[in-house]
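Me: I've got a structure here and I'd like a close look at a single helix. Could you walk me through how that part sits in the whole?

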Amino acid sequence: MRIDIIFSDLDGTLLLGDKGLSPGTAEALARAAERGISFVPATGRFFNAIPRAVQELPFWRYAIVMNGAVVWDRAEGRAIRRAELSPELAVRVMARLEDFPGTLDCYMEDNCGWMEARYYAALDDWILDPVSRRIIREMRRPMEDLRGYVGRRGRPVQKIQSYFRDEATQRAVLAALAEEFPELSVACSLPGNVELTHRDATKGAAMTALCAHLGIPLERAVAFGDERNDCSMLAAAGLGVAMGNAAPETKAAARLVTGTNQEDGVARTLLRLLEEGA
């Protein structure tokens, strides 16, 4: 298989559990770049929240961020594609989420995250993973009456997110929001969370648009992921690769399952493809 471009999710895929990048993964990406193969991070994070270890890699230009709400060109410092929620729709979705026992936060204006203040103050009660708690504290601003703030501000919303304490509530929210809001893409990327974006804001749609922009056929793309928000990307790529730690739905969407993120699964598959003459 000829490969011209690599798309990779970050958390649970490219990154280790501590959110670092292993030397083996960095080396595999560098070897691919030496062959002229492009690399595109594809993440639920906003651009400035991409970890420094990835930001410092010198050989990439584009990123799919906020699950596909934005495709960012870091060379020009601008978005080349957007699929965002209107503030009116975002307010209705937030009101519905308030019917469930979970947190509430959102992304707006490309690189800003806000969280309902009462949940921000009680993160230890909602987010069990200490690394995830630290990232949320660093990347969110507490806001009283977040839903009202979004309505008053009147700006497009790029992603709405909630965290829940148990899987049953998470599943109920995923099902309810998917049925009640056909305008949404409903997904998850971490244990206990639900992520809501415009229905055209998926990693698969963003990957398809970027490949068209670059003149690269989708069949020459390889994509890596581990969670439900990666499924559209893995299904659309010429080669979709799920991590060994991936959700069952993600493995079902992929053509290949590799090692876990802790086992350098991305690097192992890339090196094998390069050896085969990709």
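Reply: Here is the close look, with the helix in question and then the whole chain around it.

This is a predicted model, where local features need pLDDT of at least 70, side-chain atom pairs count only at pLDDT 80 or more, and totals for chains, interfaces and linings use all residues. Residues are numbered from 1 along each chain as its sequence is written, and side-chain values use heavy atoms, with hydrogens and water left out.

Let's take helix 4, residues 87-97; helices (H or I, at least four residues) and strands (E, at least two) are DSSP runs, numbered from the N terminus. Its buried residues are Pro87, Leu89, Ala90, Val93, Met94 and Leu97, buried being under 20% relative accessible area with a 1.4 Å probe, protein chains only. They cover an arc of only 155 degrees around the axis, so they lie on the same side of helix 4; the arc is that of the directions from the helix axis to the C-beta atoms.

What do they pack against? Partners of these buried residues are the helices 8 (146-153) and 9 (167-180), plus strands 6 (105-108), 9 (157-163), 10 (184-187) and 11 (193-198); contact means heavy atoms within 4.5 Å.

Now zoom out. The protein has 13 helices and 14 strands. Buried residues make up 58% of its 278 residues. Of the contacts between residues at least 6 apart in sequence, 60% join residues at least 24 apart. As for overall dimensions, the C-alpha atoms fill a box of roughly 55 × 35 × 35 Å, taken along the principal axes.

Notes. Buried < 20%, exposed > 50% of the residue type's maximum accessible area, 1.4 Å probe, protein only.
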